[in-house]
Amino acid sequence: MSVDEALAREWIAAVAESVRAEAQHLTDLDTAIGDGDHGVNLRRGFDAVTTALGGLEPASAGDVLGKTGTTLLSKVGGASGPLYGTVFRALGKTLRQGGTFAEGLQAALDGVRQLGKAEVGDKTMVDALSPAVAAYASTEADETDAARAAAAAAKAGAASTVPLTARKGRASYLGERSAGHLDPGAASTALIFEALARVTARANDR
């Protein structure tokens, strides 16, 4: 099994569903240490992605993920648009060039690091994305196991942001007051990998 067009579309649909379900929670997290619009912005972005992908025929997995990225870039406000746009555009570009999904995830992480100048421990989405990428790569031979490992690592990485003091992004303005809160970007990154694990397991069972 590989990440083909059907699985890419199913993944993005699952992400959109999760974002809609968790939009208020993500916004609440962001209200505590940020601008209070993370969930609202992501929901608007993935609603736009759903519409955009509905008119994208025919397509490869790379096309689907690339279109997801460019749509998020144009429709999501704040830092989330460029960051999540970078993730999916990098994935799409790597797959279109014949690279593996693991290589695409690494390219996504590299792009986010370059754009946001953040590393693990800065209390950002990188705290969830970096361990997820590493976990996927370590079990790449079995894509179902890889996706599950990535989801577990992203969830743990997101949880690790709670005691941290933010060093990047809007939350960094709060200084030590940012500690004790879950980073909203790390939380939404975990949702994305949880969706990947669900759809990959379903595809493997078919």
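# Reading the terms against the values

Student: Why is glutamate 119 counted as partly exposed?

Tutor: The relative accessibility of glutamate 119 is 40%, and the definition calls a residue buried under 20% relative accessible area, exposed over 50%, and partly exposed in between (1.4 Å probe, protein chains only), so this residue is partly exposed. The model is predicted, so that local features need pLDDT of at least 70 and side-chain atom pairs count only at pLDDT 80 or more, whereas totals for chains, interfaces and linings use all residues. Residues are numbered from 1 along each chain as its sequence is written, and side-chain values use heavy atoms, with hydrogens and water left out.

Student: What makes the pair of arginine 113 and glutamate 119 a salt bridge?

Tutor: The term asks for a side-chain nitrogen of Lys or Arg within 4 Å of a carboxyl oxygen of Asp or Glu. The N to O distance between arginine 113 and glutamate 119 is 3.1 Å, so the pair qualifies. Arginine 113, with a relative accessible area of 24%, is partly exposed. By this rule the count comes to seven salt bridges.

Student: How do you know that glutamate 57 and arginine 9 meet in a salt bridge, and what does the pair tie together?

Tutor: Their N to O distance is 3.5 Å, so the criterion is met. Because glutamate 57 lies in the loop between H2 and H3 and arginine 9 in helix H1, the pair ties together parts that are 48 residues apart in sequence. The helices behind these labels are DSSP runs (H or I, at least four residues; strands are E, at least two), numbered from the N terminus. Glutamate 57 itself has 59% relative accessibility and therefore counts as exposed.

Student: Which parts of the chain does the salt bridge between aspartate 35 and arginine 170 link?

Tutor: The closest N and O atoms of aspartate 35 and arginine 170 are 3.0 Å apart, so this pair also meets the definition. Aspartate 35 sits in the loop between H1 and H2 and arginine 170 in the loop between H7 and H8, so that distant parts, 135 residues apart, are linked. At 49% relative accessibility, arginine 170 counts as partly exposed.

Student: What makes a set of residues a nonpolar core here, and how many residues has the largest one?

Tutor: A nonpolar core is a set of buried Ala, Val, Leu, Ile, Met, Phe, Trp, Tyr and Cys residues joined through side-chain atoms within 4.5 Å. The largest such set has 60 residues, and those with the most contacts inside it are Trp11, Phe46, Phe88 and Phe101. Eight helices, H1, H2, H3, H4, H5, H6, H7 and H8, each supply at least two residues of this core, and H8 gives the most, with 11 residues. In soluble globular proteins, nonpolar side chains tend to be buried together.

Student: Which residues does phenylalanine 101 contact beyond its neighbours within four places in sequence?

Tutor: Taking contact as heavy atoms within 4.5 Å, phenylalanine 101 is in contact with Val3, Trp11, Leu65, Leu91, Leu95, Tyr136 and Leu196.

Student: What makes an empty region a cavity and not a pocket?

Tutor: On a 1 Å grid over the protein atoms alone, a cavity is a set of points where a 1.4 Å probe fits but cannot get out, whereas a pocket is an open set with protein on both sides within 12 Å along at least five of seven lines, and lining residues have an atom within 4 Å of a point. Points are joined across faces, edges and corners, and the volume is the space filled by probe spheres set on them. The search finds two cavities of 30 Å³ or more, and about 50 Å³ of space lies in the largest cavity. The largest pocket has a volume of about 530 Å³, and of its 27 lining residues the closest to its centre are Ala79, Ser80, Leu83, Gly169 and Arg170.

Student: How does the lining of the largest pocket divide by class, and how does that of the largest cavity?

Tutor: With Ala, Val, Leu, Ile, Met, Phe, Trp, Tyr, Cys and Pro counted as nonpolar, Asp, Glu, Lys and Arg as charged, and the others, Gly among them, as polar, the pocket lining has 10 nonpolar, 10 polar and seven charged residues. The largest cavity has eight nonpolar, one polar and no charged, its lining including Trp11, Leu91 and Thr189.
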